[in-house]
Every structure is written in structure tokens, then in C-alpha cells.
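Q: Could we go through this model together?
A: Certainly; here it is.

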Amino acid sequence: MAHVTQNERRAFEIEQAAWNALNEIGATDEVDFPLSLTKLAARWDIPVQEVQFRDPRISGIISRNNGGAVILVNERDTTVRKRFTIAHELGHYVLHWSRSTDGPPDDRVDTERILFGASLLSKEDREANRFASALLIPAPILSKMLEHGGNRMTDLLGAFGVSEEVLRIRIRMIRRRPWLLHEVKTATQYPLDAR
Ligand SMILES: [Zn+2]
């Protein structure tokens, strides 16, 4: 790839990791969206539980569970919020999770501020957000829908099961990186050996 900066390279890796995840469950066509996050989590043996956190600001947690992982999500959040939270936690799993069973605890706790506040995020949380957007709104699927004329905001929101905020951020991101639309689906190699 001719794109130079480390940041762009990482952006591509994350896009590709999300697209590979979708390929694992055969979710590569418009009809497979809104994406079934439970299907993807099940594929990776990650139970997803809706719970009432003692701290209501918490949106989601990914935590160790019998050598694997479990995702907890705030039952009080709206459906689209929960979907983004789960996708974000799956991003931590794919991108940041240490596979060694005897390592330190690898839990991540995400609050509303982390998921939706823009500026003060850690690198890992920014990456998990990128993965979440790429998973919920994959560039190849979005580009197909736009080709077919399905470009009304309300249609796209329903088609992807996301909030307007997430969709707008995603569209802006793709406009800045038009190469996403054609390069992601043609690359065949898994760029991350995380899994
Ligand atoms: Zn996070």
C-alpha cells in the first residue's frame, strides 16, 4: 500500500481486521446488516450479558472469563448504544486482548465519555472505536448501498443499526480516506496476528 503514515497504516489494519471478522461469520452482503453482534460474539465464544452496573456511567466492560472473555453491557442504554458498546469491546478483544492465560488481568471498563467523548481518549479506545465503526458500517457495504442509491440518512441508520452520530463520524472518516472503499475488500491477508 502506498499510504505512508503510521496512523494511516493502522487505520487500514483496523478496517481489515473488522472486515475479516465479518468474513468469519459470512456477513459480507447488504442483507447481513444490521450486523448481528451476538452472532459474532458467539463465534468467538464471548458471552454478552446485559447488566445493571453499580456505576451507571459505565457503558460496557470486557473481562476475563474462564480463559476467554465476557462482555458486559449496560442494560439501561438504548439499543444502538448497546450495539456500539459491544462492537467497541469486540474491538478491544481483536486488537488489544492478551491471549496468555497467566498474564495480568486485561479488563477494560468503558464509560460513556470513553465511547463518545472525542478528544481525551487513549490510543486503545480510539482504535476500539474505529474497529466498532468499521464493523457496524463496513466500507464495502456502505459503498454498495450508496451505489444503489440508498443514501438517505434515515435509511442508512436503519440499515446499519447505529446512531446518527456514529454514522456521521463514519461517513466523514470514509470521505477522508476514499481508498477504504476499494482496498479493504480486495486485501486477502490478515494484517493482525492478534487472533
Ligand atoms: Zn474501550
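The exchange below covers helix packing, one lysine and one further helix.

Q: What sort of model is this?
A: It is a predicted model, in which local features need pLDDT of at least 70, side-chain atom pairs count only at pLDDT 80 or more, and totals for chains, interfaces and linings use all residues. Residues are numbered from 1 along each chain as its sequence is written.

Q: How do the axes of H1 and H5 cross?
A: The axes of H1 (residues 6-24) and H5 (residues 123-136) cross at roughly 45° and come within 9 Å. Helices here are DSSP runs (H or I, at least four residues), numbered from the N terminus. Axes are lines fitted to C-alpha atoms over the stretch in contact, with angles from 0 to 180 degrees between N-to-C directions.

Q: Which residues make the contact?
A: H1 contributes Ala11, Ile14, Glu15, Ala17, Ala18, Ala21 and Leu22, and H5 contributes Glu127, Arg130, Phe131, Ala134 and Leu135. Contact requires C-beta atoms, placed from the backbone, within 7 Å.

Q: Switching topic, where is lysine 39, and is it buried or exposed?
A: Lysine 39 lies in helix H2 (residues 37-43). Lysine 39 is partly exposed, as 13 other C-beta atoms lie within 10 Å; buried means 20 or more such atoms, exposed 12 or fewer, and partly exposed in between.

Q: How far is its C-alpha atom from that of alanine 27?
A: The two C-alpha atoms are separated by 9.9 Å, with the residues 12 apart along the chain.

Q: And why is H3 called largely enclosed?
A: Of the 18 residues of H3, 14 are buried, so the rest of the structure largely encloses H3.

How values were computed
Helices (H or I, at least four residues) and strands (E, at least two) are DSSP runs, numbered from the N terminus. Two residues are in contact if their C-beta atoms, placed from the backbone, lie within 7 Å.
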